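Me: Pick one part of this model and zoom in on it for me. I'd like the geometry with actual numbers, and a bit of context on what sits around it.

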Amino acid sequence: MPDKFLYLKDIMEITGFKEGKCRSIIRELNKELEKKGYFTFQGRVSEQYFYERCFPKKENALEELADSTGAKQKQKSSVL
């Protein structure tokens, strides 16, 4: 069964943010889930909830993020 949680390193990779910012994202999302009555676990957040909150209208957010990152890298390499 695949893991249904995202951990710190996963969120760092997806967002490109530093560790401190990603930790605060996890804490904030877990607080929201607790207020809704869900169980939460320190240091990880529901993958589904993360994508709902961070990419609300994107069904394939990870793929689109990768595509946009690839486009940026191509732009940088063409400038060099």
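Reply: **Around the third helix**

The chain has 4 helices and 2 strands (DSSP runs, counted from the N terminus: H or I over at least four residues for a helix, E over at least two for a strand). Read from the N terminus, the order of the elements is β-α-α-β-α-α. Keep in mind that this is a predicted model, where local features need pLDDT of at least 70 and side-chain atom pairs count only at pLDDT 80 or more, while totals for chains, interfaces and linings use all residues. Residues are numbered from 1 along each chain as its sequence is written, and side-chain values use heavy atoms, with hydrogens and water left out.

I'd zoom in on helix 3, which covers residues 47–54, and on what goes on around it. Glutamate 47 belongs to this helix and comes out as partly exposed, because its relative accessibility is 31% (under 20% is buried, over 50% exposed, and in between is partly exposed, with a 1.4 Å probe and protein chains only). Across the whole chain of 80 residues, 21% count as buried.

Now for the rings. A pair of aromatic rings is described by the distance of the centres and the angle of the planes. There are 4 aromatic pairs in the structure (centres within 6.5 Å for rings of Phe, Tyr and Trp, the latter by its six-membered ring; planes under 30 degrees apart are stacked, over 60 edge-to-face, the rest tilted). One of these pairs joins phenylalanine 50 to phenylalanine 55, edge-to-face, with 6.3 Å from centre to centre and 70° between the planes. Phenylalanine 55 also pairs with tyrosine 51: the centres of these two rings are 5.8 Å apart and the planes make 35°, so this pair is tilted. Put together, ring pairs tie Phe50, Tyr51 and Phe55 into a cluster.

How much of that cluster can the probe reach? Phenylalanine 50 has 0% relative accessibility, so that residue is buried. Tyrosine 51 is buried as well, at 15% relative accessible area. Phenylalanine 55 still falls on the buried side, with 18%.

The charged side chains give a second way into this region. The model holds 2 salt bridges (a side-chain nitrogen of Lys or Arg within 4 Å of a carboxyl oxygen of Asp or Glu). The one that touches helix 3 runs between glutamate 32 and arginine 53, and their closest N and O atoms are 2.7 Å apart. This pair links distant parts of the chain, since glutamate 32 is in helix 2 and arginine 53 is in helix 3, 21 residues apart. The two partners differ in burial: glutamate 32 is buried at 18% relative accessibility, whereas arginine 53 is partly exposed at 41%.

Helix 2, residues 19–35, has a bridge inside it too: arginine 23 and glutamate 19 are 4 residues apart there, which means about one helical turn between them. Their closest N and O atoms are 2.6 Å apart. Both ends have some access to the outside, with arginine 23 partly exposed at 40% and glutamate 19 partly exposed at 38%.

What lies ahead of helix 3 is worth a look as well. Valine 45 sits in strand 2, residues 44–46, and has 0% relative accessibility, so this valine is buried. Where does its backbone end up? Its C-alpha lies 6.0 Å from that of isoleucine 26, although the two are 19 residues apart in sequence. Glycine 43, in the loop between helix 2 and strand 2, has a C-alpha to C-alpha distance of 6.8 Å to isoleucine 26 over a sequence separation of 17 residues. Unlike the buried valine 45, glycine 43 is partly exposed, with a relative accessible area of 37%.

Last, back to glutamate 47 and its link to the other strand. Tyrosine 7 is placed in strand 1, residues 5–7, and counts as partly exposed because its relative accessibility is 30%. The C-alpha atoms of tyrosine 7 and glutamate 47 are 9.0 Å apart, with 40 residues of separation along the chain.

So what should you click on first? Try the ring cluster of Phe50, Tyr51 and Phe55, then the salt bridge from glutamate 32 to arginine 53.
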